[in-house]
Amino acid sequence: MAQAATQARSSPVIERNLHEMLRDTPAMNESSKAVHSGTTPPTPQRGYNQHPASLPLSNSASSTATAQSPSTPSQNGDSQMFKVPPSKIETIRNWSISTYKCTKQLMFEKLGKTSRTVDTELETQIEQLRDTQRKYSNILRLSRALSSHFYHVVQTQHALGEAFSDLAQKSPELQEEFLYNSETQRNLTKNGETLLNALNFFVSSVNTLCNKTIEDTLLTIRQYETARIEYDAYRTDLELLIQAPRSEATAQRLEEAQLAFDKHKDEFEKLRSDVIVKLKFLDENRIKVMHKQLLLFHNAVSAYFSGNQQALEATLKQFNIKVHESL
């Protein structure tokens with residue numbers, strides 16, 4: 001009977017505590033709204049509308065809470081585990097908008113429905129550079145073919161000289177004639193290897209100029225052309241907003257469009273200056289390199305086919321080319 005009386009007295013207290021906990025618990029729609037909007041609910045003031053976890057607990061309840069207290073998801077906020085950083089979302093959003101604007105600008109330019117920024121002098125220089133690269137690539141292709149074919153010629157001359165020398169030992173009646181021809185082919189092989197070194201040096205230098213030096217400038221040009229499309233895309237948006245009826249929303253959009261336009265304008269002008277400087281230095285470097293390589297090519301080929309071995313060796317020394325025997 002005493003135990004039943006104790007339970008009867010404690011039940012109203014438990015029931016009252018439960019009612020207070022339910023009353024102080026925030027509504028479901030309010031907590032859901034805070035999660036979906038990505039905001040953190042305001043911290044309740046002490047003693048008013050407190051979360052149940054901050055209420056005084058009984059001895060058994062407090063010990064249980066103490067055992068569960070270290071960094072549980074309910075205390076630290078498990079929404080942080082799934083929350084994407086706003087910077088990434090903003091980056092993806094800006095990239096999507098910029099890609100859409102640039103694609104739209106490019107399509108409208110091809111259809112003739114919008115204007116584009118044109119620098120006639122600079123675009124002429126860019127087109128000349130691309131044409132120069134195509135022509136130098138053709139020279140490089142032919143030079144490689146010549147070097148490859150001439151390598152096989154030198155190999156054949158070397159093998160023929162060895163054959164003549166072998167026959168001179170086995171044919172006493174024609175030994176003198178075989179020795180003459182063997183010596184001639186050996187001299188041709190030696191001079192051919194010297195010329196082959198000159199040709200390989202020419203090919204290597206033209207390849208560096210064509211596929212590295214010029215290509216580096218063309219990479220900057222491609223970045224400049226991309227910046228030009230972005231600049232025109234944001235310029236077109238700004239012009240449309242200026243012509244639109246004025247309102248509070250339009251004014252805010254106009255301010256944002258002006259800031260974006262100024263940013264892309266600075267990038268466009270910076271890359272334009274970089275392209276102009278690179279084109280200038282590239283032209284000077286190209287003339288210097290090709291002057292040296294064309295002189296080497298002419299002197300080496302002329303000395304070889306005229307049979308002037310001393311002039312051929314002097315040409316390689318003049319250009320600091322080391323002779324490597326390839327056979």
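**Salt bridges and a nonpolar core**

With a relative accessible area of 29%, Asp-131 comes out as partly exposed. That label sits between two others: buried is under 20% relative accessible area and exposed is over 50%, using a 1.4 Å probe and protein chains only. The model is a predicted one, so local features need pLDDT of at least 70 and side-chain atom pairs count only at pLDDT 80 or more, while totals for chains, interfaces and linings use all residues. Residues are numbered from 1 along each chain as its sequence is written, and side-chain values use heavy atoms, with hydrogens and water left out.

Asp-131 is a handy way into the charged side chains. Its partner is Lys-135, and the two side chains form a salt bridge with an N to O distance of 3.1 Å. The term covers a side-chain nitrogen of Lys or Arg within 4 Å of a carboxyl oxygen of Asp or Glu. Asp-131 and Lys-135 are four residues apart in helix α7, which means that about one helical turn separates them. Helices here are DSSP runs of H or I with at least four residues, numbered from the N terminus.

Another salt bridge brings Glu-127 together with Arg-134, this time at 3.6 Å, N to O. Glu-127 is partly exposed because its relative accessibility is 43%. Arg-134 gets that label too, because its relative accessibility is 48%. It doesn't stop at pairs, either: Glu-127, Asp-131, Arg-134 and Lys-135 are linked in a network of salt bridges.

Helix α8 has a pair of its own. Here Glu-239 and Arg-235 meet in a salt bridge of 3.1 Å, N to O, and they are four residues apart in that helix, about one turn. How do the two partners fare for exposure, buried or partly exposed? Glu-239 is partly exposed because its relative accessibility is 36%, whereas Arg-235 is buried, with a relative accessible area of 13%. Altogether, the count comes to 14 salt bridges. Side chains of opposite charge can pair when their charged atoms come close.

Now for the nonpolar side. The largest nonpolar core has 27 residues; a core of this kind is a set of buried Ala, Val, Leu, Ile, Met, Phe, Trp, Tyr and Cys residues joined through side-chain atoms within 4.5 Å. Which residues have the most contacts inside this core? They are Ile-126, Leu-129, Ile-214, Ile-221, Tyr-224, Val-275 and Leu-279. Three helices each supply at least two residues of the core, namely α7 (120-170), α8 (175-243) and α9. The biggest share comes from α8, which gives 13 residues, the most to this core. In soluble globular proteins, nonpolar side chains tend to be buried together.

Leu-129 makes a good close-up. This leucine lies in helix α7 and is buried because its relative accessible area is 8%. Along the chain, Leu-129 and Leu-279 are 150 residues apart, yet their C-alpha atoms are separated by 8.3 Å. Another pairing across the chain joins Ser-204 and Leu-140: these are 64 residues apart in sequence, with 8.9 Å between their C-alpha atoms. Ser-204 has its place in helix α8 and is partly exposed, with a relative accessible area of 41%.

To round off with α9, that helix covers residues 248-305 and includes Glu-267. This residue counts as partly exposed because its relative accessibility is 34%.
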